[in-house]
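Q: Please take a close look at one part of this protein and explain how that part is joined to what surrounds it. I am a first-year student, so go step by step.

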Amino acid sequence: MANAGRPAPLFADGPRRISLALQGGGAHGAFTWGVLDRLLEEESLEIAAISGCSAGALNGAALKSGWATGGREGARATLDWLWEQMGAIPDLSVGHWMMTFLPGPAMTAKMLEAMFPFPIFEAMTTAVSPYDLPMWQNPLEKVVDAFAWDKVCAKDGPRFFVSATNVRTGKIRVFTDGEVDTQVILASACLPTLFKAIEIPDAVTGRTEAYWDGGYAGNPALFPLYDRDLPDDVVIVNINPLVREDIPVTAQEISNRVNEISFNASLLRELRAIGFVKRLIAEGIVAKGAMKDVRVHMIADDALMQSLSAMTKLLPTPTLLAQLKAAGREAAEAFLKKDARLIGETASVDIVKMFG
């Protein structure tokens, strides 16, 4: 009876190891919350490493912190706590009661966009810098500061990588395990039109560097997961649609698609590099084992994300977050039923065909 209510094991030969790559995307990161919530129920999967950016870094820190204190259930509880805090940052309670009656994320998005027109918001952030506001305070800081950093940086549990973009050089910096703290997470989630750059000392250069959102240079960074000690299977939780069939025509649609393309560019470059290596191995140009032959898997719901917008990324209402969590759990369930048994055997995403 000990296993009552638990899903049947996916693999007869015991758990299989995966690395997770968690995209950033503001409030849309609640979708990843749902994905992780479901994956953590699956004892047949062992999470060996997490690479996160922005909201993905927040999710990764919550998972790692909770894991250190309470294993899988501790990780789920800490993720729940995180998004409860995120939903309480802006006081959007005036419209929240109306949104609870809406049938899904798409309708909630339309309501939010009607209440907070994106062109007005974009005009304000273009005209006014965070540095122009003398009383400016990063609203994420109180939430992030509450993490148990000794647990986030603990050697037990998954290895943890967080990416941020160096403002001066434009290059990515990946912070690892013991380096991760409040300032690193804030740097990874620092949208420059909303937040002041986060300054962090660099032990290598000897100078203090300023950082913006990691999504500009790696959303998320895959290369830290190529370590020989880490599994070949990388599961990407994608919250920015890779493809939109409809051509954007309104100012808001154009701005939204530019945002998506910008934040997908680095991921597409890394996926193309994986495809190139796979072709070299398949053609015998590179010997098997000489380079890591990454098996890529992806959990996403492009149809859902195409119904949302750049504005909903900035408005973490409790209703929207709950709807996105539910959608994330459904997407993870679909992956577990359809593709998860390929883990340890072959990729479920054909990278060569994707860029063919």
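The part to look at is strand S3 (residues 159–166). Which strands does S3 pair with, in the parallel or the antiparallel sense?

A: This is a predicted model, and a short word on the whole chain comes before the strand. The protein chain has 12 helices and eight strands. Buried residues make up 51% of its 356 residues. Of the contacts between residues at least 6 apart in sequence, 80% join residues at least 24 apart. The accessible surface of the chain is about 16,400 Å², and carbon and sulfur atoms account for 57% of that surface.

The confidence of the model also needs a mention. The mean pLDDT of the chain is 87, with 87% of the residues reaching 70 or more. Over residues 91–103, however, pLDDT stays under 50, and the model has 19 contacts beyond four places in sequence for this stretch. Where pLDDT is low, the predicted coordinates should not be read in detail.

Now to the strand itself. S3 covers residues 159–166, and seven of its eight residues are buried. Its pairing can be taken one partner at a time.

Strand S2 (residues 45–52) runs parallel to S3, and four bridges join the two. One position to find in the structure is Ser51, whose bridge partner in S3 is Phe161.

Strand S4 (residues 172–176) pairs with S3 in the antiparallel sense, over five bridges. Ser163 has Val174 as its bridge partner in S4. S3 and S4 form a hairpin, with five residues between the two strands. In the turn of this hairpin, Gly170 has a positive phi of about 80°.

Strand S6 also pairs with S3 in the antiparallel sense, here over two bridges. Asn166 and Tyr211 in S6 are bridge partners. S6 spans residues 208–212, and a loop runs from S6 to strand S7 (233–237).

S7 leads back to a residue already named. Ile236 lies in S7 and is buried, at 0% relative accessibility. The C-alpha atoms of Ile236 and Ser51 are 9.4 Å apart, although 185 residues separate the two along the chain. Leaving out residues up to four places away in sequence, Ile236 touches Ala21, Leu222, Leu267, Leu271, Val296, His297, Met298 and Ile299.

Another residue to look at is Arg16, found in strand S1 (residues 16–22). Arg16 is buried, with a relative accessible area of 15%. Its side chain makes a polar contact of 3.3 Å with the side chain of Asp13. A polar atom of the Arg16 side chain also lies 2.6 Å from the backbone oxygen of Ile343. Beyond its neighbours within four places in sequence, Arg16 is in contact with residues including Leu45, Glu46, Ile343 and Gly344. Leu45 and Glu46 fall in the range of S2 (residues 45–52).

Helix H1 (residues 29–39) can be compared with the cut-off for burial. A residue is called buried when its relative accessible area is under 20%. In H1, 11 of the 11 residues are buried, so the helix is largely enclosed by the rest of the structure. Among them are Phe31, Trp33, Asp37 and Arg38.

The last topic is the aromatic rings. A search of the whole structure finds five aromatic pairs. In one of them, the ring centres of Trp81 and Phe147 are 5.8 Å apart and the planes stand at 70°, so this pair is edge-to-face. Trp81 lies in helix H2 (residues 55–86), while Phe147 is in the loop between helix H6 (141–145) and helix H7 (149–152), so the pair ties together parts 66 residues apart in sequence. Trp81 is partly exposed, with a relative accessible area of 27%, whereas Phe147 is buried, at 5%.

In another pair, the ring centres of Tyr216 and Phe263 are 5.0 Å apart with the planes at 40°, so the pair is tilted. Tyr216 sits in the loop between S6 and S7, and Phe263 in helix H9 (residues 251–282), so this pair links distant parts of the chain, 47 residues apart. Tyr216 counts as partly exposed, at 36% relative accessibility, and Phe263 counts as buried, at 9%. Trp81, Phe147 and Trp149 form one aromatic cluster.

To return to the question, S3 runs parallel with S2, and it pairs in the antiparallel sense with S4 and with S6.

Note on methods. Residues are numbered from 1 along each chain as its sequence is written. Side-chain values use heavy atoms; hydrogens and water are left out. Buried means under 20% relative accessible area, exposed over 50%, partly exposed in between (1.4 Å probe, protein chains only). Contact means heavy atoms within 4.5 Å. Accessible areas come from the Shrake-Rupley method with a 1.4 Å probe; for residues, only the protein chains shown count as cover. pLDDT is the predictor's confidence in each residue, from 0 to 100. Rings of Phe, Tyr and Trp (its six-membered ring) pair if their centres lie within 6.5 Å; planes under 30 degrees apart count as stacked, over 60 as edge-to-face and the rest as tilted. Two strands pair if DSSP finds at least two bridges between them. A polar contact is a pair of N or O atoms within 3.5 Å; within protein, one must be able to donate a hydrogen and the other to accept it, and residues adjacent in sequence count only if both atoms are side-chain atoms.
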